[in-house]
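Work through the two exercises below. Try each task before you read its solution.

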Amino acid sequence: MAASKLRLALIQLSVGMKKAENISRALQKVKEAAGNGAEVVALPECFNSPYGTSYFPEYAEPIPGESTNALSSAAKEHGIFIVGGSIPERDGDKLYNTCTVWNPEGQMVAKHRKIHLFDIDVPGGITFRESDSLTSGNQLTTFDLPQCKVGIGICYDIRFAELAQLYGKLGCKLLLYPGAFNMTTGPVHWELLQRGRALDNQLYVGTISPARDVDSNYVAWGHTTMVSPWGEVIATTEHEETVVYSDIDLDYVEKVRQMVPILKQKRTDVYDVVQKS
């Protein structure tokens, strides 16, 4: 492809109770996506584990470990970048919700620990507290493709506009958020948040959900999606297991920023968003 063009594959994966089967299924879909020309393949949040605070300690593993070693080998075998969704990571006596990124040589080029933990209470909807078992990360995470810089967030991170703004200031033209929104927040907030982050920062935003399993304790919304810098949904799906492909043109980022130059018009003499660490 041209220097500004990029083909992404966002894998909406069915995740079950057996870790080995989840990893095997993910590798099959990665192979399929690579065979269809994807240069970057992204997996969903908790691709190797059911999503839930009771599952995190059981499925957690160190990095490197079983799941991430498999991603490293697959990236090298297929000559692609893999954004490894997330896994429950064990580091000493702490657990994190962690995304790893692997380059075509099989090297880890980024590791993002979910910064904002999913602690919510919606009466009549859902109550969930990731902080009951997880520790939050405290670092922004970017990596470089030949075409552009990419910023990483995990699920609840997308609700915090400041994080996306900082990624934009760091030069990112693409943000990827592996995430498992639920049947309460998903229908009303999932697409809205993606379009908001994309439009506010005039960049591409991709979200990668697990497929929906109505028999699981936590039912994911699905609807893996790619949004353009103009705020348009350019690729999406429903809730079944599938691979969402998106061919994007990074030059379009600059075209949008020229047409509506809000990034140059910000009043940093009046307000600003500053990275603390």
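**Exercise 1.** Describe the lining of the largest pocket by residue class.

Step 1. Sort the lining: 11 residues are nonpolar, five polar and four charged. Here Ala, Val, Leu, Ile, Met, Phe, Trp, Tyr, Cys and Pro count as nonpolar, Asp, Glu, Lys and Arg as charged, and the others, Gly among them, as polar.

Step 2. Name the centre. The pocket has 20 lining residues, and V15, P50, D213, S216 and Y218 lie nearest its centre.

The model is predicted: local features need pLDDT of at least 70, side-chain atom pairs count only at pLDDT 80 or more, and totals for chains, interfaces and linings use all residues. Residues are numbered from 1 along each chain as its sequence is written, and side-chain values use heavy atoms, with hydrogens and water left out.

**Exercise 2.** Place strand β11 among its neighbours.

Step 1. Check burial. Seven of the seven residues in β11 (residues 172-178) are buried, meaning under 20% relative accessible area with a 1.4 Å probe, protein chains only.

Step 2. Take one partner. Strand β10 (residues 149-152) runs parallel to β11, joined by four bridges. Strands pair if DSSP finds at least two bridges between them. G151 faces L175 in β11. Between β10 and β11 the chain passes through helix α4 (residues 161-169), in a right-handed β-α-β crossover. Right-handed means that, with the strands pointing away from the viewer, the path from the first strand over the helix to the second runs clockwise.

Step 3. Take another partner. Strand β12 (residues 204-208) pairs with β11 in the parallel sense over five bridges. L174 stands opposite Y204 in β12. With helix α5 (residues 186-201), β11 and β12 form a right-handed β-α-β unit.

Notes:
1 Å grid on protein atoms, 1.4 Å probe; cavity = no way out; pocket = protein on both sides within 12 Å on 5 of 7 lines; lining within 4 Å. Buried < 20%, exposed > 50% of the residue type's maximum accessible area, 1.4 Å probe, protein only. Helix = DSSP H or I, 4+ residues; strand = E, 2+ residues; numbered from the N terminus.
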